[in-house]
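Here are some exercises to work through with the model open beside you. Have a pencil ready, and try each task before reading its solution.

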Amino acid sequence: MALRLLRVPGMSVAHPTIREWPAEDRPRERFLTKGAEALSDAECLAILLGAGTPGQTALDQAQALLAAFGSLGELAGREVQELAWTGGLGIVKAVRVGAAVELARRLRARPNGGRVRLSSPEEVAAYYAPGLEAKKKEVFRIALLDSQNGLLRDVQISEGSLSASIVHPREVFRSAILEAAAHVILVHNHPSGDPTPSKEDIHLTRQLVEGGRLLGIRIHDHVIVGHGRHVSLAQRGVM
């Protein structure tokens, strides 16, 4: 006969931790015995989170995160601070998730594990899109390159509103001068998902190209990232 735990009114029942689950149900043990591909998104996320909180397992937290943001892709595009506020996750676990997302982005951008080279709009989009596609605000970044198009440094210049960001030319060229960059590529996202350049995008690009010409710094391209698409202003003859 199966035994059942009767709840007495007014008495709280301890929530079982993952360690108290049968071994075959624990995400970590399932990972070891069946492989990562056998785990759900929530189970993989739970392993990353580690321990839960009183009354809530790591899997509960993982499921709550996915429910709050709707999908793993949406979760990956959120700032660490926003993750930390969701469901009492806390800054330590939020940073852990953010670091995992960044590692995944770098692996996607460096299929051979080597140094990043940005020699075409497609390579620029492949490197930046994973971090920019899900952004809810417009973010403007610059890639500082050496003479072989190797990435010296990636710099965020500004983060603006849902439709615009304020870009100061002095910040663009200050970073390029300090890094002794041979070339610069401008990159920003359109939160709407449509990468079609606006009049402001074209005006800013031409302004920066002219400023770079005066300083002896070449603006190689300006790539706008949308949802699954990108536009190169160099290919459109704007540069």
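The exercises below go from the whole chain to single contacts.

This is a predicted model, in which local features need pLDDT of at least 70 and side-chain atom pairs count only at pLDDT 80 or more, while totals for chains, interfaces and linings use all residues. Residues are numbered from 1 along each chain as its sequence is written, and side-chain values use heavy atoms, with hydrogens and water left out.

**Exercise 1. The overall layout**

Task: Work out how many helices and strands the chain has, and in which pattern they follow each other.

Solution: Start with what counts: helices (H or I, at least four residues) and strands (E, at least two) are DSSP runs, numbered from the N terminus. By that rule the chain has 9 helices and 5 strands. Next, walk along the sequence, and you will meet α-α-α-α-α-α-α-β-β-α-β-α-β-β. Finally, look at burial: of the 239 residues, 39% are buried. Here buried means under 20% relative accessible area, exposed means over 50%, and partly exposed lies in between (1.4 Å probe, protein chains only).

**Exercise 2. Two helices that cross**

Task: Describe how α2 and α3 are oriented to each other.

Solution: First find helix α2 at residues 41-49 and helix α3 at residues 58-69. Their axes are 8 Å apart and the packing angle is about 120°. Axes are lines fitted to C-alpha atoms, for helices over the stretch in contact, with angles from 0 to 180 degrees between N-to-C directions. Now classify the angle: under 35 degrees is roughly parallel, over 145 roughly antiparallel, 65 to 115 roughly perpendicular, and the rest oblique. The two helices, α2 and α3, are therefore oblique to each other.

**Exercise 3. Salt bridges across the sequence**

Task: Find which parts of the chain are tied together by R30 and E43, and which by K136 and E74.

Solution: Side chains of opposite charge can pair when their charged atoms come close. The cut-off for a salt bridge is a side-chain nitrogen of Lys or Arg within 4 Å of a carboxyl oxygen of Asp or Glu. The structure holds 10 of these.

- Step one: R30 pairs with E43, with 3.1 Å between the closest N and O atoms. Since R30 sits in helix α1 (residues 27-34) and E43 in helix α2, the pair ties together parts 13 residues apart in sequence. Both partners, R30 and E43, are buried.
- Step two: K136 forms a salt bridge with E74, again with closest N and O atoms 3.1 Å apart. This pair links distant parts of the chain, 62 residues apart: K136 is in the loop between α7 (121-132) and β1 (139-145), and E74 is in helix α4 (residues 72-76). K136 is partly exposed because its relative accessible area is 44%, and E74 is partly exposed at 25%.
- Step three: widen the view, and E74, R78, E82 and K136 turn out to be linked in a network of salt bridges.

**Exercise 4. Two places to inspect**

Task: Decide whether I91 and P169 are buried, partly exposed or exposed.

Solution: I91 belongs to helix α6 (residues 91-109). Its relative accessibility is 48%, so I91 counts as partly exposed. Together with V92 and V95, I91 forms a nonpolar patch on the surface. P169 is in helix α8 (residues 169-178). With 31% relative accessibility, P169 counts as partly exposed. To finish, check a contact along the fold: the C-alpha atoms of P169 and L208 are separated by 6.6 Å, although the two residues are 39 residues apart along the chain. For the patch, the rule is residues with over 30% relative accessible area and no salt bridge, where like charges are joined within 9 Å and nonpolar side chains (Val, Leu, Ile, Met, Phe, Trp, Tyr) within 5 Å.

How values were computed. Areas by Shrake-Rupley, 256 points an atom, 1.4 Å probe, with all protein chains shown as cover.
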